[in-house]
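Subject: Structure handover

Hi there,

Here is the structure I promised to pass on to you. Have a look at it first, and then read on for what I found.

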Amino acid sequence: MKSSDLLIIGAGPGGYETAVHGAARGLSVTLIEKGELGGTCLNRGCIPTKALCRSAEVALTVAEASEFGIVNTDNTPQVDFEAVMARKDKVVSELREGVATLLSGVSIIRGEGRFISPCEVEAGGETYTAGRIIIATGSAPSALGIPGSELAMTSDEILSLDKLPHSLAIIGGGVIGLEFASVMSAFGVDVTVLEYCKEILPPFDAEVAKRLRMSLKKRGISIITDALVTSIERNEPGLTVSYESKGKEKQTTVESVLMAVGRRPVIPKGLVEAGAILDRGFLKVDDSMRLQWNEGTAPCSSEVYAIGDVNGKCMLAHAATAQGETVLGEDRNLDIIPSAVFTVPECAMVGLTENQCLALGLNIKTGRSTFRANGKAVAMGETDGMVKIISDTDSGLLLGCHICGPHAADLVAEAASVMTAGLPASSIRKAIHAHPTLSEALIAAFS
Ligand code: NAD
């Protein structure tokens, strides 16, 4: 049996980043991976979709070129989808090579890791153990148990499309559904989003989600909320999606369907049999990411942890990385994790929504600003959107920041830093921001 200080299963942003940090601290690290280095984020998630988002932005810019005084174009971008996908693949492979370089001090085992006891993992015919074992096996797209479910593409499959459909129905108006809706619509696809809840992006602040819905609708995306999808049927040459909305049976017929209704954890083989406890299908962990075992599980000399999507605490790449850093003893505030949606315009949030604050009975003060009143946004021609700041009236602390607008994902980092440092919300107002910048929209939310 081979032994190391740290054994990690899964080379996504949770696993590979932790492996790199561990090796940098002088630990002997073994990393088991059955697929490509980089996991979902790099190969089938954050990165390829961001490459597509950038192509979509360029298409939208070309379509509006004359508004910026750039003439001699007919403002009709021709999307060479093969070239768009080739650029996406190039971005991914470049970054994958970077990950391989970062992992040069780590022993990488290519194969599927399978638990044969609580502290022994078999891969490629060899058995491994370690002082600390970290499970970072991530998640996979989940599908609705409805008739015809198999006719829909998953978010993995849509990334290898060879031609653009004329029309696309997207089941689920969450993060993945809306990112693809934004991209595909910019490429000229007729997009319909079917969302079960009364508003898109259920975990986001309702005011910001509504703002995004209005912006996407203005760009020609059809968004139907309060829609429970019940079946998909082949209806040559297309697919008919049936749904119930406000007590009525409705249908839409499209060329392709994307299913984006959440993700399910990928549990390593043998782990449940070895005694690991599942909670709603995810691996149950405590606040320090230590795996929870059934009573009577054979004692184990290894400390076993689960980080990232597989524990279901927060299904975001940077949350997985931060959880891994916590396991290595770094001080991270895992309660303050910003999240972003890379639509046009972008949306981002950190902390509590207004409804969450009200449900907790907190005394809050809200402040708002619009990008229409921000000099840089007006100059950029990207005035759609708003900033909403929520602070605690009693303590003055920042409780939440919600942004819909240009570069929202970058802007929210300032609020996340203030919250992590435990500074009063007013410290954003006090700090002098360069002019003209989008960041001034945050200070404007205080006036
Ligand atoms: P999600 O949970 O964000 O959204 C799924 C949506 O599907 C929900 O709004 C839900 O109400 C809806 N839905 C469920 N059943 C339905 C039905 N029968 N009919 C219509 N709508 C239905 O899931 P996702 O968008 O698939 O994303 C999965 C995970 O990946 C999330 O945790 C997300 O945070 C993460 N992710 C994050 C990013 C990012 O941060 N930019 C990008 C991609 C994925």
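Which oxygen-bearing partner does a backbone N or O atom of Gly-262 lie 2.9 Å from? That partner is the ligand, through one of its oxygen atoms. Before going further, please keep in mind that this is a predicted model.

**The ligand site**

The protein buries 80% of the 850 Å² that the ligand exposes when taken alone. Two elements give two or more residues each to the surrounding shell, namely helix H5 (175-186) and strand S11 (227-235). Besides Gly-262, two further residues make polar contacts with ligand oxygen atoms: a side-chain N or O atom of Glu-195 is 2.6 Å from one, and a polar backbone atom of Val-175 is 3.3 Å from one. The shell holds 23 residues, and those that come nearest to the ligand are Ile-176, Glu-179, Glu-195, Gly-262 and Ala-340. By class, the shell residues divide into 17 nonpolar, three polar and three charged.

**The nonpolar cores**

The largest nonpolar core has 41 residues, and the ones touching the most other members are Leu-31, Leu-103, Ile-135, Leu-283 and Leu-291. Elements that each supply at least two residues of this core include strand S1 (2-9), helix H1 (15-24), helix H4 (81-102) and strand S18 (303-306). Strand S6 gives the most, with five residues. If you want one residue to centre your view on, try Leu-283: leaving aside neighbours within four places in sequence, its contacts include Ile-135, Ile-267, Leu-271, Leu-291, Ala-306 and Val-310. There is also a second, separate core of 39 residues, with Leu-60, Ile-170, Leu-216 and Cys-404 among them.

**A loop residue to look at**

Where does Asn-374 lie? You will find Asn-374 in the loop between strand S21 (364-370) and helix H10 (375-380). Is Asn-374 buried or exposed? Its relative accessible area is 4%, under the 20% cut-off, so Asn-374 counts as buried. A polar atom of the Asn-374 side chain lies 2.9 Å from the backbone nitrogen of Ala-377. Beyond its neighbours within four places in sequence, Asn-374 is in contact with Thr-437, Leu-438, Glu-440 and Ala-441.

Happy to talk any of this through with you.

Best wishes

Definitions and conventions: Residues are numbered from 1 along each chain as its sequence is written. This is a predicted model: local features need pLDDT of at least 70, side-chain atom pairs count only at pLDDT 80 or more; totals for chains, interfaces and linings use all residues. Side-chain values use heavy atoms; hydrogens and water are left out. Helices (H or I, at least four residues) and strands (E, at least two) are DSSP runs, numbered from the N terminus. Buried means under 20% relative accessible area, exposed over 50%, partly exposed in between (1.4 Å probe, protein chains only). A polar contact is a pair of N or O atoms within 3.5 Å; within protein, one must be able to donate a hydrogen and the other to accept it, and residues adjacent in sequence count only if both atoms are side-chain atoms. Contact means heavy atoms within 4.5 Å. A residue is near a molecule or strand if one of its heavy atoms lies within 4 Å of it. Accessible areas come from the Shrake-Rupley method with a 1.4 Å probe; for residues, only the protein chains shown count as cover. Ala, Val, Leu, Ile, Met, Phe, Trp, Tyr, Cys and Pro count as nonpolar, Asp, Glu, Lys and Arg as charged, and the others, Gly among them, as polar. A nonpolar core is a set of buried Ala, Val, Leu, Ile, Met, Phe, Trp, Tyr and Cys residues joined through side-chain atoms within 4.5 Å.
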